[in-house]
Amino acid sequence: MKIKVKAKEHRREDVLIHTEFIQLQAFLKMMGIAETGGQAKEMIQDGIIRVNGEICTARGKKLRNGDVVTAFAADYTIVNDEN
């Protein structure tokens, strides 16, 4: 018997920030991707999070206008309202 598995659709979302940058760890908490700073740290260190298509292991990474964070089949594009 064959079972068809439908791939989960990759979601895209723009995220407006009101500052020059936001740190990756804070972003993950703000978006509800991680519930705590410790959980965000673990996700980052485990290589689950990508920034601009590359695995990012720096939890203090500054995300700026145009950066794209990928986590769990979703792309989040940083949009800065100061530009």
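**Figure 1. Contacts of Ile44 in the predicted model.** Apart from neighbours within four places in sequence, Ile44 is in contact with eight residues named here: Leu24, Gln25, Leu28, Ile49, Cys56, Thr57, Ala58 and Arg59. Ile44 itself belongs to helix 2, which covers residues 37-45. Its relative accessible area is 0%, and because buried means under 20%, Ile44 counts as buried. One of its contacts, Gln25, lies 19 residues away along the chain, and the C-alpha atoms of Ile44 and Gln25 are separated by 8.0 Å.

**Figure 2. The open sheet of five strands.** The strands of this sheet are arranged in the order 1-7-6-3-4, and their pairing is mixed. Strand 1 (11-17) and strand 4 (54-55) form the edges, each pairing on one side only.

**Figure 3. The pairing of strand 6 with strand 7.** Strand 6 spans residues 68-70 and strand 7 spans residues 74-80. The two strands pair in the antiparallel sense over three bridges. Within this pairing, Val68 stands opposite Thr77 of strand 7.

**Figure 4. The protein as the setting for the close-up views.** The protein contains two helices and seven strands, which follow the pattern β-β-α-α-β-β-β-β-β when read along the sequence. Of its 83 residues, 31% count as buried. The protein exposes about 5,800 Å², of which carbon and sulfur atoms supply 48%. Among contacts with a separation of 6 or more, 51% are accounted for by residues 24 or more positions apart.

Note on methods. Residues numbered from 1 in each chain as written. Predicted model: local features only at pLDDT ≥ 70, side-chain atom pairs only at ≥ 80, totals over all residues. Heavy atoms only, no water. Helix = DSSP H or I, 4+ residues; strand = E, 2+ residues; numbered from the N terminus. Buried < 20%, exposed > 50% of the residue type's maximum accessible area, 1.4 Å probe, protein only. Contact = heavy atoms within 4.5 Å. Areas by Shrake-Rupley, 256 points an atom, 1.4 Å probe, with all protein chains shown as cover. Pairing = 2+ DSSP bridges.
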